[in-house]
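Subject: Structure handover

Hello,

Please find the sequence and the structure below. My notes on what was found follow after it.

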Amino acid sequence: MKLTFRRATDDDKPAMLALAASVDPDDYLRWVIDGYMKERPGGFYLTEDESGRLLALASITFIRPGQAFLRTMRVHPEVQGQGVGTEFTRFQVDQAKRLGARVVRLLTAEDNRAVHRLAGEKLGFTLRGRWATWWDSLSLTLPPDGQATGVRVAVGDDAPALDGLFRESQEVCSCPGVFAGEEESSEMYAFEPAGEPLAGLIEAGRVLVHGVAAPDGLAVVTPSTGYDGRSTLLVTYLWGGPEARLGFLRHLAGEVRSGRATAIELSLPADQAEALEALGRAWHPEDQRPWYGRLYEKTFGR
Ligand SMILES: CC(C)(COP(=O)(O)OP(=O)(O)OC[C@H]1O[C@@H](n2cnc3c(N)ncnc32)[C@H](O)[C@@H]1OP(=O)(O)O)[C@@H](O)C(=O)NCCC(=O)NCCS
């Protein structure tokens with residue numbers, strides 16, 4: 001089968017949505033397609049066969065300049081397992097490189113064996129870390145209002161202690177430092193350069209600290225807007241002992257109760273999510289487990 005690749009246009013949208021629905025009738029593509037189509041650099045790309053039949057779609061976004069993220073790949077069920085996904089990913093990597101990427105990343109579910117095989121084994125991506133995500137995570141059944149949480153917004157004077165805590169967390173963390181932006185949750189897979197990683201975030205009021213006498217826990221929380229328009233608190237780092245973890249959860253639940261946010265989204269290095277699960281508390285209304293995924297990356301050097 002000879003494959004061709006090209007950028008998608010608005011005219012392709014009905015066929016793209018039909019393909020996505022054939023893979024999963026509840027596919028979220030319909031919510032994001034317009035926004036993803038408009039992205040420059042990046043956007044949506046398609047794979048077709050000789051007759052022009054649509055076989056696959058996928059998008060590229062640039063999380064930071066030079067840092068590309070491949071997402072929403074769907075191969076038509078009738079041609080899955082025939083190498084289309086592998087060739088399309090190869091094209092996407094080349095395309096991202098042409099658009100200025102020096103690193104390309106993708107995230108896939110822990111049980112998506114086809115992607116582990118094509119990225120991790122066939123196309124030379126390396127495993128950068130494990131991730132976990134909960135959407136709408138925090139139950140309002142969390143501890144009642146009025147309970148001291150020991151949590152406050154960090155200020156400049158906290159920076160040295162927090163940097164120490166952050167470095168400590170990195171020694172045991174299965175993922176390097178992660179700093180989400182404001183609107184797009186895939187920004188959580190962007191990595192800032194080394195240096196004083198927390199300074200800018202503290203200045204922006206996005207770091208929470210736990211500990212009355214001395215900081216013993218930190219969380220990175222970004223107010224953002226979900227694609228459904230809800231005000232969401234996006235938590236991308238949550239480090240500390242059990243008391244600190246519980247303090248952060250109470251604090252976040254309080255933010256929802258007080259109406260400052262309507263939803264909490266946790267997207268954390270997997271070990272931090274596992275530590276939250278280890279609290280063993282009924283802190284999610286449906287007692288759902290997080291979604292665990294693996295982040296792969298391919299770098300091109302400078
Ligand atoms: C995942 C997906 C994109 C892969 O595309 P594809 O065209 O089927 O993949 P390929 O044919 O290139 O296969 C890649 C490798 O994975 C293997 N593979 C495919 N499906 C597999 C499965 N279910 N279990 C284990 N290995 C599998 C293939 O055998 C191949 O390895 P090989 O060359 O050694 O034989 C496609 O199956 C798909 O659209 N799935 C639904 C949506 C999805 O999961 N998207 C990815 C989100 S990150």
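**The sheet**

Twelve strands form an open sheet with mixed pairing, in the order S1-S2-S3-S4-S5-S12-S6-S11-S10-S9-S8-S7. The edges are held by strand S1 (4-7) and strand S7 (151-153); each has a single partner strand, so one side of each is left without a neighbour in the sheet. Ignoring direction, neighbouring strands of this sheet are turned by 30° against each other on average. Please keep in mind that this is a predicted model.

Strand S6 (residues 126-134) sits between S12 and S11 in the strand order. S6 runs antiparallel to strand S12 (residues 291-299), and seven bridges join the two. Within that pair, Leu-295 of S12 is the residue opposite Gly-129. S6 is also antiparallel to strand S11 (residues 263-269), here with four bridges. Ala-132 has Leu-268 as its bridge partner in S11.

**Helices H1 and H2**

What does helix H1 touch in the sheet? H1 packs on strand S3 (54-64) and strand S4 (67-75), and the direction of H1 makes about 100° with that of S3. Helix H2 lies across strand S2 (43-48), S3 and S4, and runs at about 105° to S2. S3 and S4 are therefore touched by H1 and also crossed by H2.The two helices also meet each other. The axes of H1 (residues 13-23) and H2 (residues 29-38) come within 11 Å and cross at roughly 145°, and the crossing is right-handed. On the H1 side the contact is made by Lys-13, Met-16, Leu-17 and Ala-20, and on the H2 side by Leu-29, Arg-30 and Ile-33. By class, the residues of this contact are five nonpolar, no polar and two charged.

**Helices H3 and H4**

A second helix pair is formed by H3 and H4, which pack with their axes 10 Å apart and at an angle of about 50°. That angle makes H3 oblique to H4. The crossing of H3 and H4 is right-handed. H3 brings Gly-85, Thr-86 and Thr-89 to the contact, while H4 brings Ala-114, Leu-118, Ala-119 and Lys-122. The residues of the contact of H3 with H4 divide into three nonpolar, three polar and one charged.

**Around the ligand**

Which residues come nearest to the ligand? Of the 18 residues around the ligand, these are Gln-80, Gly-85, Thr-86, Arg-113 and Ala-114. Gly-85, Thr-86 and Ala-114 also take part in the contact between H3 and H4.

At least two residues of the shell come from each of S4, helix H3 (84-98) and helix H4 (113-122). H4 gives the most, with five residues. Sorted by class, the shell has seven nonpolar, eight polar and three charged residues.

**Two backbone details**

Most residues other than glycine have a negative phi, and most peptide bonds are trans. Two places in the model are worth a look in this respect.

One is the peptide bond between Arg-40 and Pro-41, which is cis, with omega about -5°. Pro-41 is found in the loop between H2 and S2.

The other is Thr-72, a residue other than glycine with a positive phi, near 50°. Thr-72 lies in strand S4, one of the strands that H1 touches and that H2 lies across. S4 also supplies at least two residues of the shell around the ligand.

Regards

Terms used:
Residues numbered from 1 in each chain as written. Predicted model: local features only at pLDDT ≥ 70, side-chain atom pairs only at ≥ 80, totals over all residues. Pairing = 2+ DSSP bridges. Axes fitted to C-alpha atoms, helices over the stretch in contact; angles between N-to-C directions. Left-handed = near helix turned anticlockwise from the far one by under 90°. Contact = placed C-beta atoms within 7 Å. Nonpolar A, V, L, I, M, F, W, Y, C, P; charged D, E, K, R; others polar. Near = placed C-beta within 6 Å. Parallel < 35°, antiparallel > 145°, perpendicular 65-115°, else oblique.
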